[in-house]
Structure formats: C-alpha cells, structure tokens
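Visitor: Hi, could you walk me through this one? I'd like to hear about the contacts between side chains.

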Amino acid sequence: MDITHTTVPGTGTVHHFETRDGQRFCVLVDENDRLSLMIYGPDDPDLAVECVVMERDEAAQVAEILQPRPIADRIADLEHRVAALTGGPS
C-alpha cells in the first residue's frame with residue numbers, strides 16, 4: 001500500500017492511501033481532532049464520492065477491528081519481548 005501525507009494549512013493533515021489494486025482513499029485529521037474517511041471514485045481520482053466523519057473514539061473502534069490481532073494479544077507479545085530483553089520473567 002502506498003501512503004503519502006500532506007499538511008493542509010488551516011485544515012489539518014491528509015493521509016492518502018492507494019491499495020495494491022489501485023483503490024484510493026484518504027483520512028483527514030482536522031484541527032478539531034475529527035477524522036474524515038474519504039473514498040475516491042474510479043472516474044476522477046481527485047473527487048471523493050463518499051465521506052465518513054468520525055470522532056476519535058469512533059475511529060479507534062474502527063481501527064481495533066482493522067487490526068490483524070487484538071490489542072490485548074499485541075500487548076502480551078510486547079510484554080514477553082521486554083521481559084526477554086531485560087532478563088525478567090516471561
């Protein structure tokens with residue numbers, strides 16, 4: 001996946017994504033800390049055909065679902081790695 005980031009003065013930061021299949025979308029993080037997920041249509045690569053606006057907690061719920069493993073599993077894995085590095089119990 002190709003990812004680029006652009007700062008838009010007075011608006012926020014836009015993160016552009018393009019999948020291996022050529023689908024394009026972006027996430028705008030605005031100055032009010034809202035996130036907008038915009039899907040681009042196939043006919044005009046610069047025209048968003050759909051926009052979903054989310055508060056941070058809503059975006060966190062979506063991000064949790066998109067994760068390949070639950071956060072609890074990732075935290076447990078990190079704890080085991082830290083213990084192995086520090087010589088503590090694993």
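**Salt bridges and other contacts**

Guide: Let's begin with D30, which is buried, at a relative accessible area of 15% (buried is under 20%, exposed over 50%, partly exposed in between, with a 1.4 Å probe and protein chains only). Before going on: this is a predicted model, where local features need pLDDT of at least 70 and side-chain atom pairs count only at pLDDT 80 or more, while totals for chains, interfaces and linings use all residues. Residues are numbered from 1 along each chain as its sequence is written, and side-chain values use heavy atoms, with hydrogens and water left out.

Visitor: Which residue forms a salt bridge with D30?

Guide: R34 does, with the closest N and O atoms 3.2 Å apart. A salt bridge here is a side-chain nitrogen of Lys or Arg within 4 Å of a carboxyl oxygen of Asp or Glu. R34 counts as partly exposed because its relative accessibility is 30%.

Visitor: How many salt bridges are there in the whole structure?

Guide: The search finds three. In another of them, the side chains of R56 and D33 meet at 3.1 Å, N to O. That pair links distant parts of the chain, 23 residues apart: R56 is in helix α1 (residues 56–66), and D33 is in the loop between β3 (24–30) and β4. Helices (H or I, at least four residues) and strands (E, at least two) are DSSP runs, numbered from the N terminus.

Visitor: Are R56 and D33 buried or exposed?

Guide: Both fall in between: R56 is partly exposed at 41%, and D33 is partly exposed at 38%.

Visitor: And where is the salt bridge of D77?

Guide: D77 pairs with R81, the closest N and O atoms being 3.3 Å apart. The two are four residues apart in helix α2, so about one helical turn separates them. R81 is exposed, at 53%, whereas D77 is partly exposed, at 26%.

Visitor: New topic: how many aromatic pairs are there?

Guide: The count is one. The ring centres of F17 and F25 are 4.8 Å apart and their planes are at 15°, so the pair is stacked. The rule takes rings of Phe, Tyr and Trp (its six-membered ring) with centres within 6.5 Å; planes under 30 degrees apart are stacked, over 60 edge-to-face, and the rest tilted.

Visitor: Is F17 buried or exposed?

Guide: F17 is buried, with a relative accessible area of 17%.
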